[in-house]
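Got the model open in your viewer? Let's walk through it one selection at a time.

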Amino acid sequence: MTTTEPFTYLERRDDTFLDDLRSLLAQPSISATGDGIDDCVTLVRESCLEYGFDVVDIVETPGQPAVVAHASPDDEPHADGLSVLLYGHYDVQPATASEWASPPFEPTVRDGPDGRTRLYARGAGDNKGQWFAHLCAIRALRETTGVPIDVTLIIEGEEESGSKHLEWLVRERRDELDADVAFVADGPIDASGRPHVLLGSRGLLYVDIEATGANRDLHSGNFGGPVPNPATAIVELIASLRDEDGQIALESFYDDVRPLTDRDRDVLESIPLDEDGVKADLGLSTLATDPGEEYLERLLTRPNLNVAGLDAGYDGDGMKTVLPSHARAKIDFRLVADQDPDDVFELLSRHVEARAPAGIDVTVERVAAMAPQRTAVESPVVEPVMQAVQEGWGEDPILKPSLGGSVPTYVFADNLEIPCLVVPYANADENNHAPDENIELSCFRAGARTTVSMLEELSKADLE
Ligand SMILES: [Zn+2]
């Protein structure tokens, strides 16, 4: 196998790589406050150059700068070989030092509760440790068998603030970023400890629905009856969003949902799931799946409407006979390929407008949106990537049609018209966004090996 040499090199240079990762983690880079961003972006650029990228640019955006780096093959690339776009982010979540066992920006190696050795620091898993594994892979290939295909790496600085300018950046540099496949190492591996390959993610549409009645709160005895109640209006509106079968009742809402193929169903069925364990964990006796519908089908391939919050009137102890003047609901839709959040927002606005009761002013405000994305399981990039993860982790990955949550993979898939796969390198208990964030050293090493194998496998792959 050709990976032997780079794998050996990774092992030999393990101490150096960990030291360099620690330096990167010691540099704060909090996009929410801007703290350390400029110093971090300089460090990212220097690291990319030192680790074997040929061309590295700091790219200014209307927000925080990004880094774009290119590594070209040492030899002539394989004629059928694919080029790859790697994505990561250097910005991190804020951290409150007093909640941490060791300071968030003083990277510390120690054993976790399960005895596995971990590197603790803000950004260890989310996401510096994951894209630094790509750098180690490039270095290992440069020093041994050579970089086999064209690699472009984009590391943005606004992911923890909603990736506000990622799409702008990809459009702006479309030609430069163009590749045959996008590969995103972010998020945790499967809770079982096995690696997984995700073919996409569900989209998101988050809205506030506000209902306003009288110009002030009123006595429900002196005014209740003739004066319309915005709290009643908003719960009736929410109820109208589902039909009696539990389906989302917006007209033509399901029209753009891409039907599952037999192959998609095979993939769903091959995912290990302990449904009774899920119920026991959540303290539930029944789940909200329809007859004949599987848990994972619903979670990963069907859209959902979730009432995230309701706010109206009096909710303290005892009683207050109030007729509120105002009510608000927060709702998030999870969307699936090929639904468009703009279209769903239109459908929702029309639905609400048509049903707002007399005397109540109802508005729908869009808070956030992200398109869904799903690479077809038949795509020629799936098999080489599955093979690479197997080589990197020494274990068969679980293939999943999608992440239940939302990450901006559509930015690459839609703008560059390429398949996009998510292959997380962090342990399931990485504590991202929380105190004591960490990455297991074994996961970091498996990630670096996976990137080596992925580049080698894609260099041999054929688009046909
Ligand atoms: Zn994050």
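**Stop one: the zinc site**

Start by selecting the zinc ion along with Asp126, Glu160 and His433: these residues supply its protein donors, with Asp126 giving an OD atom, Glu160 giving two OE atoms and His433 its NE2, at 1.9 to 2.5 Å from the metal. Keep in mind that you're looking at a predicted model.

Now check the angles around the zinc ion. They run from 55 to 134° among the four donor atoms, so the site counts as irregular, since a tetrahedral label needs all angles between 85 and 135 degrees. If you trace the donors along the chain, you'll find the spacing D-x33-E-x272-H.

**Stop two: the two domains**

Next, color the protein chain by domain. Domain 1 is 4-201 + 373-460, and domain 2 is 203-267 + 296-370. Their C-alpha centres sit 37 Å apart. Where they touch, domain 1 brings 15 residues and domain 2 brings 15 residues.

**Stop three: the interface**

How much area do domain 1 and domain 2 bury between them? It's about 1300 Å², with 56% of that on carbon and sulfur atoms. Select Arg374, Val377 and Ser406 to see the trio that supplies 47% of the area domain 1 buries against domain 2, more than any other three residues.

Then look for polar links across the boundary. Three residue pairs are in polar contact between domain 1 and domain 2, while salt bridges across this interface number zero. To finish, color the domain 1 side that touches domain 2 by residue type: seven residues are nonpolar, five polar and three charged.

Terms used. Residues are numbered from 1 along each chain as its sequence is written. This is a predicted model: local features need pLDDT of at least 70, side-chain atom pairs count only at pLDDT 80 or more; totals for chains, interfaces and linings use all residues. Side-chain values use heavy atoms; hydrogens and water are left out. Domain bounds come from an automatic or database domain assignment. Contact means heavy atoms within 4.5 Å. Buried area is the accessible area (1.4 Å probe) that two parts lose on being put together, summed over both. A salt bridge is a side-chain nitrogen of Lys or Arg within 4 Å of a carboxyl oxygen of Asp or Glu. A polar contact is a pair of N or O atoms within 3.5 Å; within protein, one must be able to donate a hydrogen and the other to accept it, and residues adjacent in sequence count only if both atoms are side-chain atoms. Ala, Val, Leu, Ile, Met, Phe, Trp, Tyr, Cys and Pro count as nonpolar, Asp, Glu, Lys and Arg as charged, and the others, Gly among them, as polar. Donors are N, O and S atoms within 2.8 Å of the metal (3.2 Å for Na, K and Ca); water is not among the atoms, so sites may look incomplete. Four donors count as tetrahedral if all angles lie between 85 and 135 degrees; four count as square planar and six as octahedral if opposite donors are over 155 degrees apart and all others between 65 and 115; anything else is irregular.
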